[in-house]
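Subject: Structure for your review

Dear colleague,

Please find below the structure that I said I would pass on, followed by notes on what was found in it.

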Amino acid sequence: MTIIPKDEFNTQGRNGITRRRVLVGTGALIVSFAIAPHVSAQPQPAPPAAAPEPPQLPGSLNDARRLDSWIRIDAEGEITVFTGKVELGQGIKTALRQVAAEELEVEPGEINLVTADTGRTPDEGFTAGSQSMQNSGTAIRNAAAQVREILITEAARRWNVPRETLRAEAKSIVAQDGRTIGYGELVTDQLLAVEAQPESLLKSPDKLRVMGQSLPRVDIPGKVTGGVAYVQDLRLEGMLHARVVRPPSPSAQLQEVDTAAVEQMPGVVSVIRDGSFLAVVAEGEFQAISAMRALQQAARWTEQPVLPDQNNLQAFLEATKGDIGTVAEEGSPEVTGKIFEATFRRPYQIHGSIGPSCAVAHMDNGQLTVWSHTQGVYPDQEAIAEMLGMDIAQVRVIHMEGSGCYGHNGADDAAADAALIASAVPGRPIRVQWMREDEHAWEPFGPAMLTKIRAGVGDDGRITGWNYELWSNLHSSRPGGAGNLLAARHRAQAFAVPAPRFNISQSGNGDRNANPLYVFPNRRVLWHYVPETPLRVSALRALGAYANVFSIESTMDELALLAGTDPVEFRLRHLEDPRARAVVERAAEEFGWSSGAPKGDRGRGFAFARYKNHAAYLAVALELELERETGRTRVSRAVAAIDSGEAVNPDGIRNQTQGGIIQATSWTLFEQVTFDNTRVTSTDWSSYPILRFPSAPDSVEVHVIDSPGQPFLGTGEAAQGPTPAAIGNAFRQLTGVRLYDLPFTRERVKQAIGV
Amino acid sequence: MAISLNVNGETHEIDVDPATPLLYVLRNDLELNAAKFGCGLGQCGACTVVVDGEAVLSCVTPVSLMEGREITTVEGLGTIEEPGPLQAAFMEMQAAQCGYCIPGMMMSAHVLLRKNAEPSDREIRDALMTNLCRCGTHMRILAAIRRAGELMQQASAPTERRAG
């Protein structure tokens with residue numbers, strides 16, 4: 001059975017957006033928007049000294065504290081749930097409906113869900129860090145449980161019966177004598193316009209009907225039948241098409257451009273030049289592209305050779321003058337016993353969404369509306385308002401899905417492009433889509449990293465000490481701040497790039513997962529902060545965890561060899577957390593680890609991490625095949641076990657984890673940004689190849705370990721760190737050679753094995 | 001220039017610059033959403049449609065070459081209410097994450113399955129060589145195409161009751 005909630009039907013019409021009818025009618029509760037004051041990464045003014053500390057509320061309820069910020073029920077009993085999080089292809093629209101439906105005792109298809117929109121939903125910052133279920137899922141689950149109990153209390157008051165005799169069922173409260181009263185009848189006046197409580201009466205794990213079920217994703221039917229599914233599909237009345245002529249290199253300044261000929265091209269409405277920001281608006285999309293190509297020819301730029309040597313990024317990183325942060329320190333930094341020492345390197349890598357970034361903006365009588373696949377509608381609203389010198393209240397940012405999102409890509413920049421162009425060409429909606437080369441060269445990259453390890457193992461087969469240093473930029477340059485938007489940077493009145501603030505946080509950044517979860521007495525973990533950003537960098541799925549877990553888990557295998565111990569056994573020896581042990585044991589068992597290494601040109605490798613050291617646990621075992629003559633490698637089989645807390649949609653967890661394993665495999669075997677001393681040279685899929693079907697595995701198995709009653713831990717990024725390490729370990733097991741440089745290109749493989 | 005286009009069994013008269021790639025005509029003039037812009041270079045397959053039974057990259061194919069050809073897009077395979085076998089299989093196998101590449105995958109698969117309803121794993125992978133997926137949905141896409149082949153065979157089996 002496929003459950004398709006009503007609002008999905010409404011947005012899947014082929015010829016544009018149908019306004020969702022919910023909240024338009026005469027809903028009893030639609031009195032005001034209970035949106036909390038803007039809470040983002042920016043510091044907030046301190047509350048008056050006399051104000052008592054408000055109680056901590058679960059998840060994002062703590063920021064948007066009223067129940068009707070999250071859940072509204074109209075007089076007909078229509079239920080609408082609001083989330084500040086967005087669909088990125090991870091299935092959050094489905095899982096959040098399950099959570100709400102569970103506690104409200106309705107079917108998921110009866111929940112209308114509104115995702116991030118500065119005009120309608122709570123501010124939940126960014127949809128990032130695998131935190132949608134922890135933040136929004138937790139808030140919605142608690143809000144739904146509290147709404148249910150309020151409805152029961154209200155029915156008890158009206159009927160004058162003890163509330164214990166009543167139950168919620170199918171959008172009604174039911175009495176023992178069979179009387180029922182609908183949710184819509186109960187919700188009058190300001191019943192839900194109340195602050196949430198710290199404690200909720202959540203359903204116990206054995207009573208769950210909807211959570212824990214692999215319900216089909218609500219968005220897939222539209223996506224496979226040609227429905228309007230993405231901002232790329234948005235067609236508004238009178239819409240014009242725009243393209244931006246991006247500079248040829250990060251340092252380039254527009255010197256001169258003769259626009260006269262381009263302005264005469266068919267369909268061209270306007271050429272916009274503002275400093276080094278150059279764009280063209282046309283009636284038709286291909287007309288805009290043709291005009292953009294002509295403008296590219298006409299533009300003269302000055303460029304500087306400011307990029308580091310791609311073949312020696314280590315020298316660039318080590319030359320940093322940045323601060324050194326202590327990520328972890330315990331016992332003595334001395335390392336004794338048999339010692340493993342190594343240096344690992346990771347290149348710049350791209351998000352590389354298949355659909356380039358896109359946005360639509362409409363300036364209508366001084367009010368700007370932007371449709372964007374941004375991860376954070378509120379921070380984007382603020383940054384765009386700053387860029388245009390507008391009041392925040394005049395800017396509305398509405399999320400619409402884009403192509404897959406794996407972190408801070410070009411979405412915010414495309415939104416800024418559309419907004420800036422719309423402000424220059426008011427009155428008609430402006431659609432901007434980036435070209436492939438814009439996306440490859442201008443999206444913020446995952447930063448290059450360098451790590452150095454010195455660790456030892458004693459005669460007792462246990463780790464004696466661990467000395468680890470990493471060199472990395474901050475992996476975050478998101479807006480807040482207009483200066484983080486390309487368009488604002490390129491304007492004549494340029495906004496300066498905000499200086500990132502280096503700090504060591506619990507969730508980690510470049511140092512994410514730099515401190516191993518393993519138990520041993522002595523450790524020191526240092527982050528050499530690299531403030532210089534000749535190439536623009538920001539958050540790519542898992543941030544530093546990709547390189548750090550690669551380094552740590554490669555080291556664990558080397559230490560296991562020094563200890564003469566099986567690598568799985570060696571990990572278990574140093575793991576105390578029972579949930580960590582459980583995923584390691586489960587992955588090993590399902591893989592058949594005890595039956596020994598495969599024969600022929602196949603190796604096997606294992607790796608484990610708990611994402612951020614406080615989120616999902618994941619272990620993966622895999623087989624790698626090697627074609628010695630060509631250096632071609634392929635992951636043929638992967639088996640993972642994941643514990644992401646209470647599982648709301650197990651198939652959603654499997655789907656994301658399979659995707660994480662395959663994407664990280666692609667990063668590891670194929671991917672690096674290339675550049676000369678001035679320009680990025682990897683500007684398409686042939687100069688930046690990624691995994692194609694012939695290199696896909698034969699099978700990727702994911703075993704979900706459910707933890708009923710435990711907090712949601714998130715899923716999306718858990719596989720990114722362990723996967724490269726398991727591949728490297730398999731290569732080591734097969735060939736006896738350790739690979740230290742990502743990616744494991746054919747050339748590097750051939751060099752390593754002496755072909 | 002006026003061009004007559006046959007798309008999903010319907011004929012459309014379009015007035016367009018003949019150099020315009022087919023993709024923009026499908027998306028903007030005919031308001032068909034399925035074929036996607038991915039690279040504009042013929043490297044990623046997101047724009048794949050079927051022309052006279054063969055997979056064609058619509059982002060690099062001028063519309064002027066399409067006169068008199070039969071063009072099929074994902075919209076021609078079925079509807080959300082009555083999905084065709086490929087669409088039903090992708091739904092059944094939950095073979096999407098962001099889903100942006102999926103229509104192109106389906107069109108490449110459509111061409112393959114029309115010629116061979118029981119392709120080998122190798123044949124499916126080769127047929128999808130041009131199509132990139134960034135979310136890592138590969139295993140489910142392969143499974144969905146195998147499943148679509150089964151559904152197509154069931155539908156064409158002589159004992160099967162035909163929809164009236």
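I begin with a single side chain, that of A:E102, which is buried, with a relative accessible area of 0%. Please keep in mind throughout that this is a predicted model. The side chain of A:E102 meets that of A:R209 in a salt bridge, with an N to O distance of 3.8 Å, and A:R209, at 32% relative accessibility, counts as partly exposed. The two residues come from distant parts of the chain, since A:E102 lies in helix α2 of chain A while A:R209 lies in the loop between α4 (183–186) and α5, and they are 107 residues apart.

Salt bridges within chain A

Over all chains, the structure holds 61 salt bridges, and two further examples may be useful to you. The side chains of A:R167 and A:E169 form one of them, at 2.9 Å from N to O; here A:R167 is partly exposed at 43% relative accessibility, and A:E169 is also partly exposed, at 39%. Another joins the side chains of A:D651 and A:R654, at 3.7 Å from N to O, and in this case both residues belong to helix α16 of chain A, 3 residues apart, or about one turn of the helix. Within that pair A:D651 is buried, with a relative accessible area of 18%, whereas A:R654 is partly exposed, at 27%. There is also a network, in which salt bridges with shared partners join A:R602, A:E623, A:E625, A:R634, A:R637, A:D698, B:D121, B:R125 and B:R146.

The interface of chain A and chain B

Which part of chain A gives the most residues to the side that touches chain B? Before coming to that, the overall figures are as follows: 68 residues of chain A are in contact with 53 residues of chain B, and the area buried between the two chains is about 5000 Å², of which carbon and sulfur atoms give 57%. Across this interface the rule finds 4 salt bridges, and the side chains of A:D233 and B:R27 meet in a salt bridge at 2.8 Å, N to O. The rule also finds 33 residue pairs in polar contact across the interface, with both residues at pLDDT 80 or more. On the side of chain A, the elements that give two or more residues are α5 (220–223), α7 (285–298), β17 (430–433), α16 (650–670) and β24 (699–704). The answer to the question above is α16 of chain A, which gives the most, with 10 residues. Sorted by class, the side of chain A that touches chain B has 27 nonpolar, 24 polar and 17 charged residues.

The fold of chain B

Chain B has 5 helices and 5 strands, and from the N terminus on these elements run β-β-α-β-β-β-α-α-α-α. Its C-alpha atoms fill a box of roughly 50 × 40 × 25 Å, taken along the principal axes. For 164 residues, a compact globule would have a radius of gyration near 15 Å, and the 16 Å of chain B agrees with this. Buried residues make up 57% of the 164 residues in chain B, and among the contacts between residues at least 6 apart in sequence, 55% join residues at least 24 apart.

Backbone features and one buried histidine

Most residues other than glycine have a negative phi, and most peptide bonds are trans, so the following places may deserve a look. A cis peptide bond joins A:L742 and A:P743, with omega at about -5°, and A:P743 is found in the loop between α17 (722–735) and α18 (746–753) of chain A. A:E105, which is not a glycine, has a positive phi near 55°; this residue sits in the loop between α2 (92–104) and β3 (111–114) of chain A and is buried, with a relative accessible area of 18%. A:K612 likewise has a positive phi, of about 60°, without being a glycine, and it lies in the loop between β21 (602–610) and β22 (617–627) of chain A, where its relative accessible area of 4% makes it buried.

Lastly, A:H399 lies in strand β16 (residues 395–399) of chain A and counts as buried at 7% relative accessibility. Leaving aside residues up to four places away in sequence, A:H399 touches A:V86, A:E87, A:T115, A:A116, A:S372, A:H373, A:T374 and A:V377.

With best regards

Key
Residues numbered from 1 in each chain as written. Chains lettered and ligands numbered in written order. Predicted model: local features only at pLDDT ≥ 70, side-chain atom pairs only at ≥ 80, totals over all residues. Heavy atoms only, no water. Contact = heavy atoms within 4.5 Å. Buried area = accessible area lost by both parts, 1.4 Å probe. Polar contact = N/O pair within 3.5 Å; in protein donor to acceptor, adjacent residues only side chain to side chain. Helix = DSSP H or I, 4+ residues; strand = E, 2+ residues; numbered from the N terminus. Nonpolar A, V, L, I, M, F, W, Y, C, P; charged D, E, K, R; others polar. Rg over C-alpha atoms; globule rule 2.2 N^0.38 Å. Buried < 20%, exposed > 50% of the residue type's maximum accessible area, 1.4 Å probe, protein only.
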